[in-house]
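Hi,

Here is the structure I said I would pass on. Have a look at it first, and then read my notes underneath.

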Amino acid sequence: MSEQRIEQRIEQRTRRVVVVGAGMAGVQTSVALREQGFTGPITLIGAEPHQPYDRPPLSKAILLGTAEESAFEVDFEELRIELRLGCAVTGVRPAAHELDTEAGPVPYDTLVIAAGAEPITLPGAEGVPGVHLLRTLDDAARLRPVLAAQHRIVVVGAGWIGAEFATAARQAGCEVTVVEAADRPLAGALPAEVAAPMADWYAELGVELITGARVAGVEPGEVLLADGRRLTAGAVVVGIGARPATGWLAGSGIGTGPDGAITADEHLRTSDPDVYAVGDCASFPSARYGRRLLIHHWDNALQGPRTVAANVIAATAGEPPRRYDPVPYFWSEQFGRFVQYAGDHTGADTAVWRGDPGEPAWSVLWLRDGVLIALIAVGRPRDLAQGRKLILAGARLDPERAADPSVPLKDASG
């Protein structure tokens, strides 16, 4: 074995990696480091006291009481990953290579920030009894008895989380009203012509949807709308979005954007060469889409860590880093439908419908100069699977054939 290789292995064994955030991105980064051969010490720090857990079941099985937990099936001890749970990080001093935490400073050689996102609160609703968020295991635990008691619930926000919670609440037998400031559900996520048909899904399940309505205030047992209406509410659930949990980086010199996201490069490295960022807290430049992406979805927190782990190891070995440029993907189960989305429709010049949005199953394809760049599939998982591969390949589609739902999507390319 060459002297250079021996030196690289010695450096790796002594190089300490600290990961901030014990959610999906943080856990996967720690596991990927071991899977890819990293032998140095790894410390995983999480603010919550619970064993690291997966979040998607919070709005489904855990909320409805059909599952008690969603802890990751990871043997941290066997992987020699040191867990520090219930430990909030309060700052970082890159020049000293130290994190500041509630339990004191933690030194690092390489830092990976996977701090996730925090829910946006409703102004004026803080501290009002009966107002809930749904982001953590403790949030779900507080909401379970609310659903079990079949309270009348007002949900503020008709985004993905609002729709999923409304679905669960109706399954639990609650009366549900959803209030949305925009004129349609998912206004910030999808074009009007695609999102508008989804409004009918609420009524099908017996959920009242009030659009174009702003919340003026919340009082115990009531939600006051800006137009003077008062909605009776045994509980209020706020789902109006999330922002990167990066406030603790103030004064660190680590670059963030106007949205609060850490501005990582194409290798998921931050403005400090010894600090990486991944998951909900970081944006990255996409060559595929020609813009910076901030993706608050599970798949990004699964895929990004593999790139971070590879690049941490590559930096130790003096090898070239790997680029991160995925096709974004997420799914949502709501109102008896399985909704999947892949890509980024921003910049599309053509939308192709496959099927009738009034039917249980349909898809929409977005093209730019004839090339498929994104799609949404409702009850058509095969469209999603084939479409995702076509996006990766930069495939051109025949719009006429692609519009025929009986033609497999892969057969519409050429």
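Below is what turned up, going through the C-terminal part, the sheets, a hairpin and the cavities.

One thing before the rest: this is a predicted model, so please read everything here in that light.

Let's start at the C-terminal end. UniProt, in an unreviewed entry, lists residues 329-412 as "domain: Reductase C-terminal". In the model, that stretch is 20% helix and 39% strand, and its end C-alpha atoms sit 21 Å apart.

There is an open sheet of five strands with antiparallel pairing, and its order is β22-β23-β26-β25-β24. Which strands stand at the edges? They are β22 (329-334) and β24 (350-354). Each has a single partner strand, so one side of each is left without a neighbour in the sheet. On average, neighbouring strands here are turned by 15° against each other, direction ignored.

Within that sheet, β23 (residues 337-343) pairs with β26 (residues 371-378) over five bridges, in the antiparallel sense. If you want a spot to zoom in on, Ala 342 is opposite Leu 375 in β26. Also worth a look is helix α5 (residues 160-171), which lies across β22 and β23. The helix runs at about 30° to β22.

Next, the three-stranded sheet. This one is open too, ordered β13-β14-β15, again with antiparallel pairing. The edge positions go to β13 and β15 (230-232); both have a single partner strand, so one side of each is left without a neighbour in the sheet. Neighbouring strands are turned by 20° against each other on average, direction ignored. Between β13 and β14 (residues 222-225), which run antiparallel, there are four bridges. Gly 217 faces Leu 224 of β14 as its opposite number.

Then there is the hairpin of β4 and β5. Strand β4 (residues 89-93) is joined to β5 (residues 98-101) by four bridges, and the two run antiparallel. Val 89 has Thr 101 as its bridge partner in β5. Four residues lie between the strands of this hairpin, and His 97 takes a positive phi near 55°.

Finally, the internal space. How many cavities of 30 Å³ or more does the structure hold? Two.

The largest cavity has a volume of about 40 Å³. It is lined by 13 residues, and the closest to its centre are Pro 129, Gly 130, Glu 219, Gly 221 and Val 236. Two elements give two or more residues to that lining: β13 (215-219) and β16 (235-238). So β13, an edge strand of the three-stranded sheet, turns up again here as a contributor to the lining. By class, the lining has eight nonpolar, three polar and two charged residues.

The second largest cavity holds about 30 Å³ of space. Its lining is made up of Ile 295, Asp 299, Asn 300, Gln 303, Tyr 324, Pro 326, Val 327, Pro 328 and Tyr 329. Helix α8 (residues 298-317) supplies the largest share, three residues. Six of the lining residues are nonpolar, two are polar and one is charged. Tyr 329 is in this lining, and residue 329 is also where the UniProt domain begins.

That's the tour. Shout if you'd like to go through any of it together.

Cheers

Key
Residues numbered from 1 in each chain as written. Predicted model: local features only at pLDDT ≥ 70, side-chain atom pairs only at ≥ 80, totals over all residues. Heavy atoms only, no water. UniProt positions renumbered as here; feature names shortened; annotations may be inferred. 1 Å grid on protein atoms, 1.4 Å probe; cavity = no way out; pocket = protein on both sides within 12 Å on 5 of 7 lines; lining within 4 Å. Points joined across faces, edges and corners; volume = space filled by probe spheres on them. Nonpolar A, V, L, I, M, F, W, Y, C, P; charged D, E, K, R; others polar. Pairing = 2+ DSSP bridges. Axes fitted to C-alpha atoms, helices over the stretch in contact; angles between N-to-C directions. Contact = heavy atoms within 4.5 Å.
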